[in-house]
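Colleague: I would like to go through this protein with you slowly, one element at a time. Could you show me the sequence and the structure before we begin?

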Amino acid sequence: MKFVAIGNISIDYLQDSQFAGGSVLQSSLLASKLGLKSSAITSFGKDFQKLKQNWQNVQVYPQLSPFSTTVGLIYDEKGNRRVIIKKEGGVISEKLLPKEVSDADIIFICPIVHEISSDLVSFIARTNKKALIVVTPQGWLRDWKKEGDAISQKPWSNAKEILSHTDILSISEEDIQENKSVLNLYKDFIKQGGIIIVTQGSKGAIAYRRQKLISSKAYPTKAIDPTGAGDIFAASFAIAWRETASLEKSLRFANVAASFIIEGIGVSNMPTRPQIRSRSNKIQFV
């Protein structure tokens, strides 16, 4: 099975540490770890090279930019995160997309700033009509006045265009807490038969499909760095859904996969299938 992730890589600063981040990195590494043929279409600058990121078995297609997307991550005592945009990287062009897009089984679209347009999503959907298109919309919900500012939330202005091509939307509870009624719009906009997942951090997640609603508790664990948990959840859910077509099994698989990533920093604790299977068998939490 072929997995393609699309979005900007980032240079993340957390306290005194500097490491590679971004949904495209998290999701493509997970897919590779789970045995899929994984590719990442991304953008970064020469400043990213000094991190010497090991992409392991992921095929990377970089669209070079003058500099990389750079963010600062600040957590308070309650674990709430504040993101500061230090630099905004380049955009991803459809003219430079590799052929892997046309025969992928899963296309994971995951902007972290404003690097992916609705036209690009439409182009991808036309190019590959059989792929499961998965969207994590966080980048389209972010706004800031200037580089160096903390991000604020804005309405998802191109939601209708994006969701008309989307099979799975994964969004956090935090992203809709100011206007929970927007979820009804997303249900109307999403492709027929599409799934909407609302992640709820340590509480788990809820999945909606047609008239069906299923909730699943998170696997209990001690969080060291929650950054990337939502990305791992969404990617692992998509992989499990493609393999099983079961909401229950997919939620369980995704909750367990996400529990591993928060136990380490960055991508240091990416799980394997045997690890997920072993942990899943230890507790009944769906």
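Modeller: A helix or a strand is here a run of residues assigned by DSSP, and these runs are numbered from the N terminus. Please keep in mind throughout that the model is predicted.

Colleague: With that numbering in mind, which sign does the phi of alanine 245 take, and about what value does this phi have?

Modeller: Alanine 245 is found just after helix 6, a helix that covers residues 229–244. The phi of this alanine is positive, with a value of about 55°.

Colleague: How many residues does helix 6 have, and what span does it reach from its first C-alpha to its last?

Modeller: Helix 6 is made of 16 residues, for which a rise of 1.5 Å a residue leads one to expect 22 Å. The span in the model is close to that expectation, and from first to last C-alpha it comes to 22 Å.

Colleague: How many residues of helix 6 are buried?

Modeller: To count as buried, a residue must have under 20% relative accessible area. Among those that pass in helix 6 are Ile232, Phe233, Phe237 and Trp241. The helix is mostly covered, and the number buried, out of its 16 residues, is 12.

Colleague: At what angle do helix 6 and helix 7 pack, and how far apart are their axes?

Modeller: Two packed helices are described by an angle and a distance, both taken between their axes. Helix 6 passes helix 7, which spans residues 247–261, in a right-handed crossing. For this pair the angle is about 145°, and the axes are apart by 8 Å.

Colleague: In the contact of helix 6 with helix 7, how many residues are nonpolar?

Modeller: Helix 6 brings residues including Ala229, Ile232 and Phe233 to the contact, while helix 7 brings, among others, Leu247, Leu251 and Phe253. Of the residues in this contact, 4 are polar and 1 is charged, while the number of nonpolar ones is 13.

Colleague: Which strands does helix 7 touch where it packs on the sheet?

Modeller: The sheet is an open one of 9 strands with mixed pairing, in the order 5-4-1-8-9-12-13-14-15. Its edge strands, each pairing on one side only, are strand 5 and strand 15. The direction of helix 7 makes about 30° with that of strand 15, and the strands touched are strand 13, strand 14 and strand 15.

Colleague: What is the bridge partner of arginine 209 in strand 15?

Modeller: Strand 14, residues 205–209, runs antiparallel to strand 15, and 5 bridges join the two. In strand 15, the partner of arginine 209 is lysine 212.

Notes. Residues numbered from 1 in each chain as written. Predicted model: local features only at pLDDT ≥ 70, side-chain atom pairs only at ≥ 80, totals over all residues. Heavy atoms only, no water. Helix = DSSP H or I, 4+ residues; strand = E, 2+ residues; numbered from the N terminus. Expected span 1.5 Å × (residues − 1). Buried < 20%, exposed > 50% of the residue type's maximum accessible area, 1.4 Å probe, protein only. Axes fitted to C-alpha atoms, helices over the stretch in contact; angles between N-to-C directions. Left-handed = near helix turned anticlockwise from the far one by under 90°. Contact = heavy atoms within 4.5 Å. Nonpolar A, V, L, I, M, F, W, Y, C, P; charged D, E, K, R; others polar. Pairing = 2+ DSSP bridges.
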